[in-house]
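Biologist: Please take one part of this model and go through it closely, then place it in the rest of the assembly. I would like a connected account rather than a list.

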Amino acid sequence: MIGGLAGVIDNLFGRGEAAVTVPPLDGALRPNRKLDEATSRSVLDGVDCLAIRGSTLLASAGAALFALAANGEWLLHRRFDAGVAGLSPVGGDGLAIALENGEIVIEGGLFDGRRYRTGGGGICITALAGTGANLYVAIGSATNTVRGWQRDLLERNATGSVWRIDLGSGSTTPVIENLAWPAGLVFDGDNLVCSEAWKHRLVRIDPARPNLRQVPYADLPGYPGRIAQAADGYWLALFAPRSQLVEFVLREPAYRKRMMAEVPEPYWVAPKLRSGRSFYESLQGGGVKHLGMVKPWAPTMSAGLCVKLDRAFQPRFSLQSRADGRTHGVTGVAEYDGRLYVAARGDGVIVSLPLANVPTGEGVRA
Amino acid sequence: MTPIVEVRKATKEYRGVPVVKDVSFTLRRGEVHALLGENGAGKSTLTKMISGVVQPTSGEIWIDGERAELKSPSEALRRGIAMVYQETSLIPSLTVAQNIYLMDAKRLHRLRGLYIAGQQFLQSLNFHVDPTAMVSGLGAGQKQMVEIARAVHHNAKVIVFDEPTATLTPEEKHQFFSLVARLKQRGVSIIFISHALEEALVIADRITVLRDGEHVVTDDAATFDREKIVRAMVGRNLTGELYGSSRKRKVRPAGEKVLSVQNLSMGNVLRNTSFSVFAGQITSIFGLIGSGRTEAAKVIAGVLKRDLFHGGQVRLFGRPVRYRVPRPAVRDGIIYVTEDRKVEGFFETMSIAENIYLGALAGGRTKSATVSMSEMRTIAKEWIAALDVKPGSADARVIELSGGNQQKVVVAKALVQKPRLIIFDEPTRGVDVGAIAEIHHLINRLADEGIAVLVISSYLPEILQLSDRILVCRQGRIVEEFDGHQADEETIMYAAVH
């Protein structure tokens with residue numbers, strides 16, 4: 001009774017759970033420009049996923065798959081009839097490629113050429129994780145497509161799910177449902193760690209007992225996306241930052257409904273992979289610019305952010321591109337051949353930097 | 001020349017415990033004499049004997065070549081000795097002029113005459129203070145001026161300053177130093193007690209160092225440097241333990257996020273402040289006075305209650321919390337160690353044991369549901385030993401302890417509550433160098449044990465020495481963050497003022 005009353009009062013005064021706040025970018029997530037400072041930048045319009053198959057680094061961009069050549073160029077590897085939504089090595093030397101039409105294609109390895117679909121007619125595949133003859137598939141939403149991720153957030157949906165596909169038999173089984181846009185999957189021993197974007201957290205799931213969930217990392221300052229294995233931990237891509245303005249809008253259902261009905265999608269008050277390109281956008285003027293220059297610390301709907309996690313999924317350091325940066329909308333990260341590759345879909349670039357130059361998150365005090 | 005004050009083999013005992021032992025001291029005419037020592041070294045007791053506040057158990061005091069038996073401060077004042085205390089003894093509800101002429105009280109006072117005389121007198125001292133202003137409205141520096149003016153008005157030939165600069169801003173300190181120079185020109189002799197060794201080196205003609213109630217050394221200030229003073233004060237070399245250590249030390253990696261302050265706002269004091277504190281790390285907040293550091297800490301710990309409409313959120317281990325009083329915060333493991341220990345830190349007339357036990361009671365850490373004297377003694381003994389509180393008697397009243405030991409009692413009172421997050425606000429203010437090293441060691445130990453530690457300090461060397469992370473607060477918000485091993489004083493100060 002008192003709890004309920006307190007909730008009503010908190011709602012009235014905008015405090016407690018109703019406070020419109022976002023966690024600070026500090027500690028391991030302290031703002032920096034490491035992504036913009038990377039000297040190696042390859043333009044690949046629409047770049048989205050990165051994956052390593054055997055000894056080749058592959059990147060998807062739209063409906064095409066590119067491979068990194070020895071001279072550092074990205075060469076066309078294969079083209080599909082739908083956009084690529086996810087990549088994952090699987091079954092020996094194979095590669096699973098998820099398409100935006102809901103189909104999963106296997107290239108190479110034990111199951112070369114086979115095609116799969118998840119149950120429930122899921123066409124919103126966001127991430128894949130393969131192990132032996134099993135492929136785990138994250139479905140972001142039951143009602144929206146991959147491209148409709150902003151709508152799914154503004155509708156405050158939690159209709160995502162994770163499925164297991166037995167690549168041998170082709171059978172599909174739901175592992176867990178009612179997730180708020182699962183956007184990344186990675187194995188942690190026998191468990192599966194999933195990034196739940198709209199709840200700004202990572203969730204550890206035991207596929208044998210999916211109802212027992214753990215949250216190793218919560219209250220992230222951005223929307224977590226794909227997770228990649230690293231030599232001593234993991235890399236987490238956060239595809240957009242959280243902002244107080246969006247958090248406020250998310251609490252106003254009538255406003256959101258009308259905005260989605262009447263305002264063109266590029267100008268919604270919502271996180272973006274790239275913002276600040278049009279004067280129709282909601283954040284303008286002195287709020288974001290000083291003497292005509294975008295302030296690095298300005299509130300922004302887009303940014304570049306990837307976080308190094310340790311083996312316990314705790315953040316150690318981050319690589320960032322700030323409001324005025326040029327590496328926004330990070331959707332994929334991969335360690336390959338002594339370098340770290342970061343795919344920034346917002347700006348359509350892949351930046352790379354030597355792993356030796358990547359900070360370790362620990363320092364020595366002089 | 002006959003010294004203006006001479007103390008010959010003076011000893012002062014409290015309940016049979018000697019606080020000053022066989023100390024001889026001379027003050028020459030027109031000199032500034034710095035009296036230095038750790039807390040509990042006997043500096044204040046020695047000056048209290050000179051200014052008639054206490055009488056020596058044995059030994060003699062000679063003023064102007066004559067033996068004097070000073071029974072009270074007013075008698076000392078008649079002999080030309082005035083004492084200016086750290087906490088000013090002015091009456092806040094009276095005006096400046098009324099305070100200066102307080103002891104000249106007549107049956108009928110003509111305020112206009114008092115203000116004219118006050119104006120002329122303050123001008124003659126070159127003090128820019130309005131004689132008609134209420135003392136409650138003055139800044140610390142101006143109050144100090146009024147104290148001095150009152151002393152000079154009583155024809156003080158000797159003025160004793162006890163920690164005069166502890167509460168002053170850098171600008172006010174500058175004013176104070178020029179004041180001392182002017183007093184010296186007028187032939188006034190000055191005894192200057194301070195923990196700021198650099199200040200003593202700048203303004204003193206001679207320096208006397210006391211240790212454990214005994215005289216260690218007296219010499220011209222020019223023959224001293226910081227290290228020599230520290231060595232004399234503590235009897236060992238602290239350079240490696242205190243500020244400016246060149247030892248390389250690993251910055252602790254962050255543990256779990258214990259506290260997340262998100263967009264905290266409160267009028268003009270806190271404006272969208274956001275920061276996090278992690279387990280097993282020392283996070284420091286540096287900022288100028290008035291930057292909102294203390295207010296943020298007090299809101300977190302429930303010491304300061306925000307109004308209904310103030311925004312933001314405080315999350316403890318990911319859970320939103322909002323404390324209106326400190327008690328639930330203490331129960332949740334948030335402990336705030338105040339910057340003003342004398343007012344908020346302890347009950348000065350209660351014993352060490354009672355103070356520490358109160359902490360245990362507040363934190364719900366007692367085994368017994370009712371007050372248990374035996375448990376009180378056990379807890380007190382444990383913490384007195386752990387923190388090396390001197391004297392080791394649990395029955396000693398806190399008012400009788402030195403500043404450093406008082407601070408240890410405050411810390412013991414906090415630690416007995418088993419904190420998960422401990423906030424130290426100016427942990428070494430008014431504490432001597434020996435105790436500073438011990439308190440720093442304690443803070444480091446807490447972080448090593450995995451407790452989240454937040455330190456608020458205005459003293460940059462302390463910030464640099466202690467911190468794993470340094471946050472800079474300016475105008476109510478956190479404006480910059482540095483790694484403990486990367487920052488330097490200049491960069492931090494630049495962030496704090498620009």
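Modeller: In this predicted model, a hairpin links β18(A) to β19(A) through 2 residues. Strand β18 of chain A covers residues 222-230, and strand β19 of chain A covers residues 233-241. The two pair in the antiparallel sense, over 7 bridges. Within this pairing, Gly222(A) stands opposite Pro241(A), a residue of β19(A). As background, strands of a sheet pair through backbone hydrogen bonds, and they may do so in either a parallel or an antiparallel way.

Burial is the next point about this hairpin. Of the 9 residues of β18(A), 8 are buried, so the strand is largely enclosed by the rest of the structure.

A contact from another part of the chain leads back to β19(A). Leu309(A) is placed in strand β22 of chain A, which spans residues 304-309. The C-alpha atoms of Leu309(A) and Trp235(A) are separated by 6.0 Å, although these positions lie 74 residues apart along the chain. Setting aside residues up to four places away in sequence, Leu309(A) touches Gly233(A), Tyr234(A) and Leu236(A), and also Gln314(A), Pro315(A) and Arg316(A). Leu309(A) has 24 other C-beta atoms within 10 Å; a residue counts as buried at 20 or more, so Leu309(A) is buried.

Elsewhere in chain A, the loop between β13 (172-179) and β14 (182-188) holds Trp181(A). This residue has a positive phi of about 55° although it is not a glycine. Trp181(A) is also buried, with 26 other C-beta atoms within 10 Å.

The hairpin belongs to a chain whose secondary structure comes to 5 helices and 27 strands. The radius of gyration of chain A is 20 Å, close to the 21 Å that the globule rule gives for 366 residues, so chain A is as compact as a globular protein of that length. Along the principal axes, its C-alpha atoms fill a box of roughly 60 × 50 × 50 Å. Buried residues make up 47% of the 366 residues. Among contacts in chain A with a separation of 6 or more, 50% are between residues 24 or more positions apart.

Chain A also touches chain B. The contact takes 23 residues from chain A and 28 residues from chain B. On the chain A side, these are 9 nonpolar, 7 polar and 7 charged residues.

The partner, chain B, has 17 helices and 21 strands. Its domain assignment gives domain 1 (5-234) and domain 2 (257-497), and the C-alpha centres of these two domains of chain B lie 32 Å apart. Chain B has a radius of gyration of 24 Å, which agrees with the value near 23 Å that a compact globule of 498 residues would have. The box filled by the C-alpha atoms of chain B is roughly 70 × 50 × 50 Å, taken along the principal axes. Of the 498 residues in chain B, 49% are buried. For contacts in chain B with a separation of 6 or more, residues 24 or more positions apart account for 69%.

One sheet of chain B can be set beside the antiparallel hairpin. In chain B, 6 strands form an open sheet with mixed pairing, in the order β6-β7-β8-β3-β9-β10. Its edge strands are β6 (81-84) and β10 (214-220) of chain B, each of which pairs on one side only. From one strand to the next, the twist averages 20°. Inside this order, strand β7 (residues 158-162) and strand β8 (residues 189-193) of chain B run parallel and are joined by 5 bridges. Val158(B) stands opposite Ser189(B), which is in β8(B). Helix α8 (residues 226-234) of chain B packs on the sheet and touches β3 (32-36), β9 (206-211) and β10 of chain B. The direction of α8(B) makes about 30° with that of β9(B).

Chain B also has a loop residue with a positive phi. Gln475(B), in the loop between β20 (469-474) and β21 (477-483) of chain B, has a positive phi of about 45° although it is not a glycine. Gln475(B) is partly exposed, with 15 other C-beta atoms within 10 Å, whereas Trp181(A) is buried.

Key. Residues numbered from 1 in each chain as written. Chains lettered and ligands numbered in written order. Predicted model: local features only at pLDDT ≥ 70, side-chain atom pairs only at ≥ 80, totals over all residues. Domains from an automatic or database assignment. Helix = DSSP H or I, 4+ residues; strand = E, 2+ residues; numbered from the N terminus. Rg over C-alpha atoms; globule rule 2.2 N^0.38 Å. Buried ≥ 20, exposed ≤ 12 C-beta atoms within 10 Å, placed from the backbone. Contact = placed C-beta atoms within 7 Å. Pairing = 2+ DSSP bridges. Axes fitted to C-alpha atoms, helices over the stretch in contact; angles between N-to-C directions. Nonpolar A, V, L, I, M, F, W, Y, C, P; charged D, E, K, R; others polar.
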